[in-house]
Amino acid sequence: MEERNATVAVIGAGDYIGGEIAKKFAAEGFTVFAGRRDGAKLEPLVRDIEASGGSIVARSLDARKEDEVAAFLNDADKHAPLEVCIFNVGANVNFPILETTERVFRKVWEMACYSGFLAGREAARLMLPRGRGCIFFTGATASLRGGVGYTAFASAKFGLRAVAQSMARELGPKNIHVAHLIIDAGVDTAWVRERIKEREGEDALKDLDPARLMTPASVAETYWQLYQQPHDAWTFEQEIRPFGEKW
């Protein structure tokens, strides 16, 4: 493993996509700064990365708090130049419109949109003086289409896409690569499997088509490919889905 004098910050380093992103970049020699609301849940990720010879700093982080986001990214940049910032906070909830409370709507917006703005702005603040860096955002089908029961989630994801697009147009000419990854399918997580069971019954999990869900490691690989793109062929927005997904 080639060690790099660079850090990657993963904001929303959950058990699935975020954790796999952290493992991928650690395997490529980056020091990973991983943040999630309950930092104690990062202990298995720390063990895995360190056992493989990688370097990781794990922190509790409330991505809705401006001072916490700034401190987290500043600490990463002090350790080694912040090369990549990946915003991967989820906030996927489903409520009928009459059950979507003011609090639910506001909290989902804070987690999935406002927090992305904070992460992107603070990462840009650190990257612009060096004239290089990558800021990537995790989107979803809801970034493009408001589905039944997804009023809060889709509105926040639509907003995050707009944040990313505006940043890309402003920062691209300054050599900061901003990209938005639309995950247009279910990802193989415990939450998604539980939703399938609720909708389709226990038997659906026994006969689950492997082409139906994408693996978190494949999402992480896509982020790595985005990072490797040459400067004269940058992607802003990329959609990914399993080969068996009907769309």
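This text leads through a predicted model, beginning with its nonpolar cores and ending with individual residues.

In soluble globular proteins, nonpolar side chains tend to be buried together. In this model, the largest nonpolar core holds 37 residues, and the members that touch the most others are I11, L73, L82, I135, F137 and V178. Several elements give two or more residues to this core: strands β1 (7-11), β4 (82-87), β5 (133-140) and β6 (176-183), together with helices α3 (66-79), α4 (102-127) and α5 (151-171). Helix α4 supplies the largest share, eleven residues. L73 illustrates how the parts are brought together: beyond its neighbours within four places in sequence, L73 is in contact with A9, I11, L82, C85, A119, E122, A123 and L126. Apart from the largest core lies another core, of 34 residues, including A179, I183, A220 and L226.

Strand β6 deserves a closer look. This strand is mostly covered, with eight of its eight residues buried. In a regular strand the side chains alternate between the two faces of the sheet. In β6, I176, V178, H180 and I182 point one way, while H177, A179, L181 and I183 point the other way, and all of these residues are buried. V178, on one side of the strand, is among the residues that touch the most other members of the largest core. A179 and I183, which point the other way, belong to the core of 34 residues.

The partners of β6 can be followed next. Strands β5 and β6 pair in the parallel sense over eight bridges, and in this pairing I135 stands opposite V178. Both I135 and V178 are among the residues with the most contacts to other members of the largest core. Together with α5, the two strands make a right-handed β-α-β unit. Strand β6 is also joined by four bridges to β7 (residues 237-240), and these two strands run parallel. Here H180 stands opposite E237 of β7.

Two buried polar residues of helix α4 show what surrounds such side chains. S115 lies in this helix, and at 1% relative accessibility it counts as buried. A polar atom of the S115 side chain lies 3.5 Å from the backbone nitrogen of R64. Not counting residues up to four places away in sequence, S115 touches A63, R64, F87 and E110. E122 is also placed in α4 and is buried, with a relative accessible area of 8%. The side chain of E122 makes polar contacts with two arginine side chains, that of R121 at 2.9 Å and that of R125 at 3.1 Å. With residues up to four places away in sequence left out, E122 touches V69, A70 and L73.

Why are C85 and C134 not bonded to each other? The sulfur of C85 is 11 Å from its closest cysteine sulfur, in C134, and this is too far for a bond. Seen from the other side, the closest cysteine sulfur to that of C134 is in C85, so the 11 Å distance rules out a bond there too. Both cysteines are buried, C85 with a relative accessible area of 1% and C134 at 7% relative accessibility. A search of the whole structure finds zero disulfides.

The loops contain residues with notable backbone or packing features. A91, in the loop between β4 and α4, has a positive phi of about 75° although it is not a glycine. A91 counts as buried, at 16% relative accessibility. N175, in the loop between α5 and β6, likewise is not a glycine and has a positive phi, of about 70°. At 25% relative accessibility, N175 counts as partly exposed. G29 occupies the loop between α1 (17-27) and β2 (31-36) and is buried, with a relative accessible area of 7%. Although G29 and N5 are 24 residues apart in sequence, their C-alpha atoms are 8.4 Å apart in space.

Key. Residues are numbered from 1 along each chain as its sequence is written. This is a predicted model: local features need pLDDT of at least 70, side-chain atom pairs count only at pLDDT 80 or more; totals for chains, interfaces and linings use all residues. Side-chain values use heavy atoms; hydrogens and water are left out. A nonpolar core is a set of buried Ala, Val, Leu, Ile, Met, Phe, Trp, Tyr and Cys residues joined through side-chain atoms within 4.5 Å. Buried means under 20% relative accessible area, exposed over 50%, partly exposed in between (1.4 Å probe, protein chains only). Contact means heavy atoms within 4.5 Å. Two strands pair if DSSP finds at least two bridges between them. A crossover is right-handed if, with the strands pointing away from the viewer, the path from the first strand over the helix to the second runs clockwise. A disulfide is a pair of cysteine sulfur atoms within 2.5 Å. A polar contact is a pair of N or O atoms within 3.5 Å; within protein, one must be able to donate a hydrogen and the other to accept it, and residues adjacent in sequence count only if both atoms are side-chain atoms.
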